[in-house]
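These are my notebook entries on a single chain. I looked up surface features, backbone geometry, one helix and the cysteines.

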Amino acid sequence: MIKVEQGSSLYYSLLWTDLESRDRFIRRLNLVHALSTTLDDVQEQDVAQKKIHWWHEELERMCQGESRHPSTKDCQAEAFNVTKRYPKPSENPFLSACLSLLSSVSTARLQPAETIAERDQQLIQNFQARLALLSHALSNDSKDLDTATHPEQSAEALAKHEQLTRLPALIHRGHAVFSDETYRAHNVSPKDLAAGIRVASDMNSETANDDSSLSGIPIIEEKLGKQTLLTSAIEDAHATLIKATVSVNVSKRYRTAPLLPLWRLLVLRRKQLALWQKKQPDLLTEHMALTPIAKLFHAWCNRR
């Protein structure tokens with residue numbers, strides 16, 4: 001379950017949000033997380049399809065007030081209220097947003113993108129659905145559930161940030177993350193990225209008692225393309241966040257109550273990417289974030 005840790009970007013994004021909306025947002029964020037990570041550890045296509053089918057049924061149960069999963073139970077009251085207004089599943093915007101998110105997750109996992117443009121569209125679909133669900137949690141207005149009302153620039157920007165923050169975990173689990181075109185451009189493969197990820201030592205293995213500080217750290221021949229790919233990905237994500245935060249459409253959509261937390265989140269993501277572009281961390285092995293005081297300052301500057 002996602003918790004808003006003091007000092008996190010999410011904490012400062014929600015700092016001036018009323019308690020009821022904040023609670024709704026966190027519960028909705030947990031639903032988004034459950035849907036978006038449901039195939040993280042799935043390798044077999046038939047298992048993935050079964051999980052997707054189960055979620056389809058569970059989302060329909062949620063809209064009818066009969067949820068089973070903890071995250072859908074927490075959101076079923078709002079989903080059921082929307083269902084009363086839109087009783088037909090095909091017209092239910094809450095269900096449609098959830099299914100759009102689930103569809104993008106399934107496509108990304110089972111049909112890795114060949115081109116950069118194809119991967120960008122997968123990211124946009126995923127985060128437009130997320131933004132729709134999270135915006136509705138803040139506003140309680142069913143109009144915000146329409147994914148088409150959320151600018152592609154904001155969706156792509158937030159998606160590329162998350163793609164980089166989750167990079168080690170995704171690569172380690174066998175996700176392609178980047179498109180085939182991107183890997184070819186840098187002459188590397190997902191396996192080359194996976195080779196540089198630190199993993200926890202197997203405590204039951206013969207090497208578990210090795211006191212060497214190198215335990216769990218792979219010793220590999222570094223490939224130049226790995227670093228150029230990461231550098232390029234950071235630059236691209238930073239540029240996308242800049243475009244989103246200077247876009248009139250994006251600011252009109254989110255720089256107004258009650259959706260200001262999403263605007264502040266965009267600003268904080270942009271500042272974090274600026275830090276990464278300056279410091280160039282190895283995102284496969286390092287974590288680098290803004291200081292809490294820097295987050296507070298930028299959030300305060302965008303409190304209204």
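**Entry 1: surface patch.** I began with Leu15, which I located in the loop between α1 (9–13) and α2. The model is a predicted one. With a relative accessibility of 32%, Leu15 is classed as partly exposed. I then asked which residues make a nonpolar surface patch with Leu15. They are Trp16, Ile293, Leu296 and Trp300, and the patch they make together with Leu15 covers about 490 Å².

**Entry 2: helix α3.** I examined α3, which runs over residues 45–63 and has 19 residues. From its first C-alpha to its last I noted 27 Å, close to the 27 Å expected at 1.5 Å a residue. Which residues of α3 are buried? I listed Ala48, Ile52, Trp55, Glu58, Leu59, Arg61, Met62 and Cys63. An α-helix has 3.6 residues a turn, so residues three or four places apart point the same way. I next looked up what the buried residues of α3 pack against, and found α2 (19–36), α4 (70–85) and α5 (93–110). Just after α3, I recorded Gly65 with a positive phi of about 80°.

**Entry 3: positive phi outside glycine.** I turned to residues that are not glycine. Asn140 has a positive phi of about 60°, and I placed Asn140 in the loop between α6 (116–139) and α7 (152–165). Val177 also belongs in this entry, with a positive phi near 65°; I found Val177 in the loop between α8 (167–172) and α9 (180–186). Is each buried or partly exposed? Asn140 is partly exposed, at a relative accessible area of 47%, whereas Val177 is buried, at 6% relative accessibility.

**Entry 4: a cis peptide bond.** I noted that the bond joining Ala257 to Pro258 is cis, and its omega is near 5°. Pro258 sits in the loop between α12 (248–254) and α13 (260–279).

**Entry 5: cysteines.** How many disulfides does the count give? I obtained zero. I checked Cys98 against the cut-off, under which a disulfide needs two cysteine sulfur atoms within 2.5 Å. The closest cysteine sulfur to that of Cys98 belongs to Cys63 and lies 6.7 Å away, so the pair is too far apart for a bond. Cys63 is among the buried residues of α3. Cys98 is itself buried, at 0% relative accessibility. Cys301, by contrast, I entered as partly exposed, at 38%.

Note on methods: Residues are numbered from 1 along each chain as its sequence is written. This is a predicted model: local features need pLDDT of at least 70, side-chain atom pairs count only at pLDDT 80 or more; totals for chains, interfaces and linings use all residues. Side-chain values use heavy atoms; hydrogens and water are left out. Helices (H or I, at least four residues) and strands (E, at least two) are DSSP runs, numbered from the N terminus. Buried means under 20% relative accessible area, exposed over 50%, partly exposed in between (1.4 Å probe, protein chains only). The expected span of a helix is 1.5 Å times one less than its number of residues. Contact means heavy atoms within 4.5 Å. Patches are made of residues with over 30% relative accessible area and no salt bridge: like charges are joined within 9 Å, nonpolar side chains (Val, Leu, Ile, Met, Phe, Trp, Tyr) within 5 Å. Accessible areas come from the Shrake-Rupley method with a 1.4 Å probe; for residues, only the protein chains shown count as cover. A salt bridge is a side-chain nitrogen of Lys or Arg within 4 Å of a carboxyl oxygen of Asp or Glu.
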